[in-house]
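Colleague: Could you take me through one part of this model in detail, beginning with a single loop residue and its surroundings, and then set that part against the interior of the chain?

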Amino acid sequence: MKLCTSAPLRLCVKRDGLAGLVLAGGQGTRFGGPKAWATLPDGRSFVEACKEALRGAGAVPVVATLPPESTDPKIGDLIALPLPESGLDMFASIRFGLQRLIDFEGWMRVAILPVDHPLVASAAIAAVAAADVQAAVPCYRGKHGHPVVIDRSDAEAIADGRRPGPTLREVLRACGAVDVAVEDPGTTANCNTPEDLARHLEEIG
């Protein structure tokens, strides 16, 4: 990555539109349960907060991978996608989610947001999505964060196996991903445990 720079189901979507993928299929052992259902002080679940951040940045549609056997949480226009089995690694979950997203026409970029980043702001997502590059990563004070944004062509290549990974980092490297400087600590606020969440909430205010 470069150094930080400023830089058959149909849906009506702008031809240059953004889609969103929330990765929320883990069991959340360090959090005490699936982080998809962990809650913020305002009562929203992590997956709902992530969906709202993506929608606020203009992402349509937004799909969320969920733990196997999950029922649809009925969160607005979120498209719930339970994983086919437990124990899938992140890249396999990404591929599964993208295979669903490519059923939708219109979007040309996708923001991929892990559910343990529920404090990210829509403005930061929009800034990363607006970068005129093949793939972009937010960078807050020299630290990489989430969500990453990739073009549809690369999303399709992940979905059909032409970009096999084995990690998203490898795909971003192959795409020549560019870091986009943002002023949003939520992009790097990884809430893996309740203690992490409390600390980041205090830091962000």
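Modeller: Since this is a predicted model, what follows describes computed geometry. Not counting residues up to four places away in sequence, threonine 187 touches His117, Val120, Ala124, Pro138, Tyr140, Gly145, His146 and Val182. Threonine 187 itself sits in the loop that runs between strand S8 (178-181) and helix H6 (194-204), and its side chain reaches the backbone oxygen of aspartate 184 at 2.7 Å. Although it is a loop residue, threonine 187 counts as buried, because its relative accessibility is 0% and the cut-off for burial is under 20%.

Helix H3 offers a contrast to this setting. Alanine 127 is found in that helix, and it is classed as partly exposed because its relative accessible area is 30%, which falls between the 20% and 50% limits. Between alanine 127 and leucine 201 there are 22 Å from C-alpha to C-alpha, for a separation of 74 residues in sequence.

Turning to the interior, the largest nonpolar core has 38 residues, and the members that touch the most others are Val22, Phe46, Val47, Leu54 and Ile125. Two or more residues of this core come from each of strand S1 (17-23), helix H1 (46-56), strand S2 (59-66), strand S4 (107-114), helix H3 (122-130) and strand S5 (135-140), with H1 giving the most, at 6 residues. Phenylalanine 46, leaving aside its neighbours within four places in sequence, is in contact with Phe31, Lys35, Ala36, Ala38, Thr39, Leu40, Val115, Asp116, Pro118, Cys191 and Leu197. Apart from this, there is a second, separate core of 26 residues, among them Ala19, Ile79, Val148 and Val171.

The cysteine among the contacts of phenylalanine 46, Cys191, leads to the matter of disulfides, of which the structure holds 0. For cysteine 50, the nearest cysteine sulfur is that of cysteine 191, 9.2 Å away, and for cysteine 191 the nearest is in turn that of cysteine 50. Neither pairing qualifies as a disulfide, because the sulfur atoms would have to lie within 2.5 Å. Cysteine 50 is buried, with a relative accessible area of 0%, and cysteine 191 likewise counts as buried at 0% relative accessibility.

Definitions and conventions: Residues are numbered from 1 along each chain as its sequence is written. This is a predicted model: local features need pLDDT of at least 70, side-chain atom pairs count only at pLDDT 80 or more; totals for chains, interfaces and linings use all residues. Side-chain values use heavy atoms; hydrogens and water are left out. A nonpolar core is a set of buried Ala, Val, Leu, Ile, Met, Phe, Trp, Tyr and Cys residues joined through side-chain atoms within 4.5 Å. Buried means under 20% relative accessible area, exposed over 50%, partly exposed in between (1.4 Å probe, protein chains only). Helices (H or I, at least four residues) and strands (E, at least two) are DSSP runs, numbered from the N terminus. Contact means heavy atoms within 4.5 Å. A polar contact is a pair of N or O atoms within 3.5 Å; within protein, one must be able to donate a hydrogen and the other to accept it, and residues adjacent in sequence count only if both atoms are side-chain atoms.
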